[in-house]
Amino acid sequence: MEGQIPDIKKWIVLYPVYINSKKTIAEGRRICAAKACENPTCAEIGDCCSHLKLLYDVEIDKAYPRDFMQRGRVRVFLKREDGTLCNPAISSIDEEIYLRLVKSSSSARKSSQLTESAHRHRALHH
């Protein structure tokens with residue numbers, strides 16, 4: 001399988017609602033609201049997967065089955081066909097990867113906000 005792209009249909013699917021603190025468990029959130037992030041996007045989840053060195057594919061045209069108005073999902077290649085992990089630091093898609101995604105997403109958002117703030121500050125004072 002080395003050098004080949006594995007069958008994407010076998011990859012796990014992550015919808016942003018899984019880690020959205022603004023959603024209830026009944027609406028699809030899979031971790032506690034205190035550990036979730038506010039309104040994550042597929043792009044942010046993709047960035048997090050990239051940071052975690054996981055292959056991923058953002059599918060913008062797909063909808064969340066419980067609410068077709070929520071568009072987009074991310075497919076993540078977590079385990080090879082022989083069962084070995086792509087990134088040994090990530091052991092399962094359960095709460096561990098969700099929490100890592102939230103943590104990465106929060107860090108990326110803070111960094112982005114600081115950069116935007118610095119650009120505004122420079123623009124105002126020059």
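**Salt bridges and the second largest pocket**

Across the whole structure, a search returns 2 salt bridges; the model examined here is a predicted one. Side chains of opposite charge can pair when their charged atoms come close. Arginine 73 and glutamate 59 give one such contact, their side chains meeting in a salt bridge with an N to O distance of 2.5 Å. Because arginine 73 belongs to strand S3 (residues 67–77) and glutamate 59 to strand S2 (residues 55–64), this pair ties together parts that are 14 residues apart in sequence.

Glutamate 59 also forms a salt bridge with arginine 75, and here the closest N and O atoms are 3.4 Å apart. Again the pair links distant parts of the chain, with glutamate 59 in strand S2 and arginine 75 in strand S3, 16 residues apart. Taken together, Glu59, Arg73 and Arg75 are linked in a network of salt bridges.

It is worth looking at how accessible these residues are. Buried means under 20% relative accessible area, so arginine 73, at 12%, counts as buried. Glutamate 59 is likewise buried, with a relative accessible area of 11%, and arginine 75 counts as buried at 11% relative accessibility.

Attention now turns to the pockets. Rolling a probe the size of a water molecule over the atoms shows where empty space is left. The second largest pocket has a volume of about 150 Å³. Its lining is made up of Pro6, Asp7, Lys10, Trp11, Ile12, Val76, Phe77, Leu78, Lys79, Arg80 and Glu81. By residue class, the lining of this second largest pocket holds 6 nonpolar and 5 charged residues, with no polar ones.

Conventions
Residues are numbered from 1 along each chain as its sequence is written. This is a predicted model: local features need pLDDT of at least 70, side-chain atom pairs count only at pLDDT 80 or more; totals for chains, interfaces and linings use all residues. Side-chain values use heavy atoms; hydrogens and water are left out. On a 1 Å grid over the protein atoms alone, a cavity is a set of points where a 1.4 Å probe fits but cannot get out, and a pocket is an open set with protein on both sides within 12 Å along at least five of seven lines; lining residues have an atom within 4 Å of a point. Grid points are joined across faces, edges and corners, and a volume is the space filled by probe spheres set on the points. Ala, Val, Leu, Ile, Met, Phe, Trp, Tyr, Cys and Pro count as nonpolar, Asp, Glu, Lys and Arg as charged, and the others, Gly among them, as polar. A salt bridge is a side-chain nitrogen of Lys or Arg within 4 Å of a carboxyl oxygen of Asp or Glu. Helices (H or I, at least four residues) and strands (E, at least two) are DSSP runs, numbered from the N terminus. Buried means under 20% relative accessible area, exposed over 50%, partly exposed in between (1.4 Å probe, protein chains only).
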